[in-house]
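Hi,

Here is the structure I promised to pass on. Have a look at it first, and then read my notes underneath.

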Amino acid sequence: MTAAGTQEAGVVALDACRRVLRPVIRLALSLGLKHSHLQRLLTELLLDEGTHLWREQAVEPNISQLSVTTGLNRKAITLRVRTPAKDAPHTELSAAAKTLTLWAQLREDDPELQSLPVSADDGSLTFEVIARRASRGNLHHRAILEELIRLDLVAVQGGRASLKTSSFVPLADLRSMLVVLGDNAHDHLAAAVSNVLHDNPPMLERAIYARGLTPEACEAIQQLVRTRWSVLHRELAATMTRAVDADSDDKSARIRVGIYAFTENSREDPIANAIRPTSRQLGAPRDE
């Protein structure tokens with residue numbers, strides 16, 4: 001690639017980062033985070049990813065190499081190395097999420113399972129049985145039940161537990177919602193970045209886009225997506241459960257499958273307003 005081509009690619013990459021980060025900045029400011037928090041976070045991520053790039057070449061980088069790669073000064077790097085950051089929690093380890101998913105999957109096959117006894121001695125299907133299977137016996141079912149009640153995903157009355165939702169989206173708990181957001185958005189972007197950098201065989205990462213719709217049409221499309229996702233979700237949950245339960249010597253891989261739909265008035269969209277419309281942006285929907 002020529003110097004001019006490299007410079008142009010850098011400009012386009014910076015614009016892509018700006019668009020990706022805009023919702024993140026909106027979230028951060030809404031939750032009271034300031035420039036100092038984000039600056040510290042950016043430093044940590046630059047060093048983490050810079051170190052990863054060197055290690056991919058079988059090199060353990062020194063401070064000088066990291067400084068050249070990231071553009072950070074040696075003092076900032078030394079301080080970061082002495083006080084490493086802590087990893088954030090991941091929803092994939094949540095016994096509550098696994099229990100809710102398994103229960104919702106069983107309920108799809110038998111609507112009568114919307115409500116279950118918390119426990120029983122007659123060998124029947126109960127919440128205790130589902131929780132034990134989902135957590136592989138690592139947590140007491142009462143602890144899992146209390147967590148689901150706290151998140152307003154399950155209700156208990158008269159010794160019976162009832163599902164209040166079919167998916168682990170804890171609307172009553174901001175912390176859990178933020179963890180879900182981080183996990184889902186990370187993997188979505190990681191798939192897209194992997195495709196751009198050709199790190200792996202192409203991963204599924206597609207979207208379809210249209211402008212010039214009414215709010216009512218957008219809501220109808222949202223409802224169509226929700227309906228189709230509900231069917232696909234059941235199929236995926238069953239397939240993933242069988243894969244997890246299957247015997248194998250190598251179970252080092254993981255997968256996350258998601259779908260999204262976003263609606264916004266384009267007259268209020270700073271991203272749309274910052275881009276000059278072209279013939280590809282107007283009229284008929286397109287695959288992206």
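Below is what I found, starting with the sheet and moving on to the helices around it.

One thing to keep in mind: this is a predicted model.

The sheet is open and has three strands, in the order E1-E3-E2, with antiparallel pairing. At its edges are E1 (115-117) and E2 (154-157), each of which pairs on one side only. On average, neighbouring strands are turned by 25° against each other, ignoring direction. If you want to see one pairing up close, go to E2 and E3 (residues 160-163): they run antiparallel and are joined by four bridges. There you'll find Val 154 opposite Leu 163 of E3. As a reminder, strands of a sheet pair through backbone hydrogen bonds.

Two helices lie across these strands. H5 (residues 95-109) lies across E1, E2 and E3, and runs at about 80° to E3. H7 (residues 141-150) lies across E2 and E3, at about 110° to E2.

Then there's H6 (residues 127-135), which I'd look at next. Which of its residues are buried? They are Phe 127, Ile 130, Ala 131, Ala 134 and Ser 135. These sit on the same side of H6, because they cover an arc of only 115° around the axis. That fits the usual helix pattern: an α-helix has 3.6 residues a turn, so residues three or four places apart point the same way. And what covers the buried residues of H6? The cover includes H5, E1 and H7.

One last detail: just after H6, Arg 136 has a positive phi, about 55°.

Cheers

Methods: Residues are numbered from 1 along each chain as its sequence is written. This is a predicted model: local features need pLDDT of at least 70, side-chain atom pairs count only at pLDDT 80 or more; totals for chains, interfaces and linings use all residues. Side-chain values use heavy atoms; hydrogens and water are left out. Two strands pair if DSSP finds at least two bridges between them. Axes are lines fitted to C-alpha atoms, for helices over the stretch in contact, and angles run from 0 to 180 degrees between N-to-C directions. Contact means heavy atoms within 4.5 Å. Buried means under 20% relative accessible area, exposed over 50%, partly exposed in between (1.4 Å probe, protein chains only). The arc is that of the directions from the helix axis to the C-beta atoms.
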